[in-house]
Amino acid sequence: MVEWLAGLYGGTDAAWFFSIITWILVIVAPLLLGVAFAVYADRKIWAAMQLRRGPNVVGPFGLLQSFADGLKLFIKETIVPAGANKGIFILAPMLTFVLALIGWAVIPWGEGAVLADINVGIFYIFAISSLGVYGIIMAGWASNSRYAFLGGLRSAAQMVSYEVSMGFVLVTVISYAGSPSLSELVHMQSGGIWNWNFLWFFPMFVIFLISAMAETNRPPFDLPEAEAELVAGYQVEYSSMAFALFWLGEYGNILLMCALTSVLFFGGWYAPIPALDFIPGPLWMIAKICFFFFIFAWVKATVPRYRYDQLMRLGWKVFLPVSLAAVVFYTGWGVAFGYIGK
């Protein structure tokens, strides 16, 4: 896609630069719009499951509520605590927001519709998600608050715990596909729903989906910001747009995990049956992202929050041994039947 745009602009060095900028805007602008409507959808799904109305005043059906909330935060004053480390305090939400955006550079939306189709795309995503914890740690430490500091420590421990299991899940899928390229992982699942990875790697799919919820601090794993013990955790001292950047980063990461789940296990841009391939691939990707976001919202509305010891026990005593055993099983099965080592 970048090559096509560069040719359209004239093929010069400047054309390549403007083609990359154009493609970035094509990704980022709809993503930010999607985040606004994801917040709205999250609130409406939660309300519907609890027999409430949810946002229904600002705009038709309340569709403009997220924009009204964003405007309210934008015009508020940013307050920095007197004892805070001001530089790191301000940098933390910016880092969280930027890291939530740059992960989308390698997500394929269709055949050739990707900003950077690198052959280590899955490792790039894993590295970006690992860096995301730094923004929360920085926010917790720089706030000079016990509640914020404990929230940052909780988040660091939680993300490290569940990233190990996610890493083993990725090992099983990569070993079967023979490539860490996200586009190759999608091509491997062409031909219909019976070729999608979630059928062959169902235990890995379940572990990955639950770990993605823990990785993004979604309920029932939102212990870093639990209001009952930590008021709002690492966000407790933030206001105005600094607070909004944390929210944008969180929902951007949630949508990124939904997109990655679609690519790894649900055929990416491919239709469930070949007869539906006439529908453009990006529409299938958007539909699958919405489906997984609904699951995230569904779990948020129905599952009570874990205790912190239960959260850590699930990661280290259940997911870690199960995912490690699955690596041994799937790789052994692949070598035995010729899927690996060709």
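## A walk through an all-helix model

In this protein, residues 24 or more positions apart account for 74% of the contacts with a separation of 6 or more. What you see above is a predicted model, and it is worth keeping that in mind while reading the values that follow.

The secondary structure comes to 13 helices and zero strands, and following the chain along its sequence you meet the pattern α-α-α-α-α-α-α-α-α-α-α-α-α. The radius of gyration of the protein is 21 Å, close to the 20 Å that the globule rule gives for 342 residues, so the protein is as compact as a globular protein of that length. Taken along the principal axes, the C-alpha atoms fill a box of roughly 60 × 55 × 45 Å.

We can turn next to the inside and the outside of the model. Of the 342 residues, 49% count as buried, while the accessible surface comes to about 16,100 Å², with 73% of that surface belonging to carbon and sulfur atoms. As for charge, the protein carries 17 positive and 18 negative side chains, and the centres of these two sets lie 12 Å apart.

The chain is also divided into two parts, with domain 1 covering residues 1-63 and domain 2 covering residues 76-337. The C-alpha centres of domain 1 and domain 2 lie 18 Å apart, and the contact between them takes 19 residues from domain 1 and 19 residues from domain 2.

Two single residues help to bring this picture down to a local scale. The residue S262 lies in helix α11, which spans residues 240-265. Is S262 buried or exposed? Its relative accessible area is 0%, and buried means under 20%, so S262 counts as buried. If residues up to four places away in sequence are not counted, S262 touches G267, G268, M285, K288, I289 and F292.

The residue P81, in turn, is found in a loop, namely the one between α3 (65-74) and α4 (86-102). P81 has a relative accessibility of 17%, and because the cut-off for buried is under 20%, P81 counts as buried. Which residues does P81 contact, leaving aside its neighbours within four places in sequence? They are K86, F89, S143 and E237. Finally, P81 and N144 are 63 residues apart in sequence, and their C-alpha atoms are 8.0 Å apart in space.

Definitions and conventions. Residues numbered from 1 in each chain as written. Predicted model: local features only at pLDDT ≥ 70, side-chain atom pairs only at ≥ 80, totals over all residues. Heavy atoms only, no water. Helix = DSSP H or I, 4+ residues; strand = E, 2+ residues; numbered from the N terminus. Rg over C-alpha atoms; globule rule 2.2 N^0.38 Å. Buried < 20%, exposed > 50% of the residue type's maximum accessible area, 1.4 Å probe, protein only. Contact = heavy atoms within 4.5 Å. Areas by Shrake-Rupley, 256 points an atom, 1.4 Å probe, with all protein chains shown as cover. Lys, Arg positive; Asp, Glu negative; His and termini not counted. Charge placed at Lys NZ, Arg CZ, Asp CG, Glu CD. Domains from an automatic or database assignment.
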